[in-house]
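Good morning, and thank you for coming. Today I would like to go through one protein chain with you, element by element. Please look at the sequence and the structure as they appear.

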Amino acid sequence: MRLLKAGGKVLKDADGVRALRDIVAQAGKDVMLVVPAMEEAIDSLETMVDALEKKQTQEAEQEWLKVMDMHVMLMLELGLQPNEDVRIPLMPSYEDDCSYAQNYHHIVGLAAIMSSQIVAVSLLKAGVGVEWWNAAQFLLTQTHDEKLRLDLVYSEQVIQTGWDRSERKAVVV
């Protein structure tokens, strides 16, 4: 398996995604592409988490709309249809029974999920056989002292099991 990791700046526009698509298409088989969130989306979602914690709903909604606009514009530039090719999630809520760290990772993690889905669908529409994996489902974290830590043993087992069961050119996470 070859591991490729894209930088957040690659996702700033459709040209960056197309360049990434070309790299994956030429990389051969057995490629795992790790796609991060757009850098601007992370900033907005961090502000959103803080606003939700303080019950500042209007500010949180404004930040969410910024993030949605970024992703929708990228989809349209790539010729993808929002909510048809890639589902647009509803604004997440702040769960009072969870820690700040858990809320943060859940909400800010949505940016990487959206970005990786956009890249995966773009690859599929370009004829590159890919499978999309939700990193949050196989990169199991454990909460210790309000910090989330990766469970490397479990995560490696899940990745290997998924890798062995599927035939595809690439996996996008």
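Which residues are exposed on the other side of helix 3? They are Q58 and L65. Please note from the start that the model we are discussing is a predicted one. To see what "the other side" refers to, we should look at the buried residues of helix 3. These are A60, E63, W64, V67, M68, H71, L74 and M75. They lie on the same side of helix 3, because they cover an arc of only 135 degrees around the axis. A general point about helices helps here. An α-helix has 3.6 residues a turn, so residues three or four places apart point the same way.

Helix 3 consists of 21 residues. From its first C-alpha to its last, helix 3 reaches 30 Å, close to the 30 Å expected at 1.5 Å a residue. Its buried residues are covered by elements that include helix 1, helix 2 and helix 4. After helix 3 comes G79, with a positive phi near 80 degrees.

Let me now step back to the whole chain. Its secondary structure comes to six helices and six strands. Starting at the N terminus, the order of the elements is β-α-β-α-α-α-β-α-β-β-α-β. The chain has 173 residues, of which 43% are buried. Among contacts with a separation of 6 or more, 72% are between residues 24 or more positions apart.

We can follow the chain from its beginning. Strand 1, residues 2-5, pairs with strand 2, residues 31-34, in the parallel sense, and the pairing runs over four bridges. Between these two strands, the chain passes through helix 1, residues 14-26, and this β-α-β crossover is right-handed. Within the pair, L33 of strand 2 stands opposite L4.

L33 appears again in the nonpolar core. The largest such core has 43 residues, and L33, L45, V119, L123 and V172 are those with the most contacts inside it. At least two core residues come from each of helix 1, strand 2, helix 2, helix 3 and helix 4. Which helix gives the most to this core? That is helix 4, with 10 residues.

Let us turn to helix 2, which covers residues 39-53. Helix 2 has 15 residues, and from its first C-alpha to its last the distance is 22 Å, close to the 21 Å expected at 1.5 Å a residue. Its buried residues are A41, S44, L45, M48, V49, A51 and L52. The arc they cover around the axis is only 165 degrees, which means that they sit on the same side of helix 2. These buried residues of helix 2 pack against helix 3 and helix 4.

Next, I would draw your attention to two loop residues. Helix 2 is followed by K55, whose phi is positive, near 65 degrees. K55 is a residue other than glycine, and its place is in the loop between helix 2 and helix 3. Is K55 buried or exposed? K55 counts as exposed because its relative accessible area is 54%, and the cut-off for exposed is over 50%. N83 is also a residue other than glycine with a positive phi, near 65 degrees. N83 is in the loop between helix 3 and helix 4. At a relative accessibility of 55%, N83 is exposed.

Finally, I would like to consider two individual residues. N103 belongs to helix 4. Its relative accessible area is 2%, so N103 is buried. What is N103 in contact with, leaving aside its neighbours within four places in sequence? The contacts are V49, S93, Y94, E95 and C98. V49 is one of the buried residues of helix 2 that I listed earlier.

The other residue is W132, in strand 3, residues 130-132. W132 is partly exposed, with a relative accessible area of 30%. With neighbours within four places in sequence left aside, W132 is in contact with I113, S116, Q117, A120 and V172. How far apart are W132 and Q117 in sequence and in space? They are 15 residues apart in sequence, and their C-alpha atoms are 6.8 Å apart in space. V172, another contact of W132, is among the residues with the most contacts inside the largest nonpolar core.

Thank you for your attention.

How values were computed. Residues are numbered from 1 along each chain as its sequence is written. This is a predicted model: local features need pLDDT of at least 70, side-chain atom pairs count only at pLDDT 80 or more; totals for chains, interfaces and linings use all residues. Side-chain values use heavy atoms; hydrogens and water are left out. Two strands pair if DSSP finds at least two bridges between them. A crossover is right-handed if, with the strands pointing away from the viewer, the path from the first strand over the helix to the second runs clockwise. A nonpolar core is a set of buried Ala, Val, Leu, Ile, Met, Phe, Trp, Tyr and Cys residues joined through side-chain atoms within 4.5 Å. Buried means under 20% relative accessible area, exposed over 50%, partly exposed in between (1.4 Å probe, protein chains only). The expected span of a helix is 1.5 Å times one less than its number of residues. The arc is that of the directions from the helix axis to the C-beta atoms. Contact means heavy atoms within 4.5 Å.
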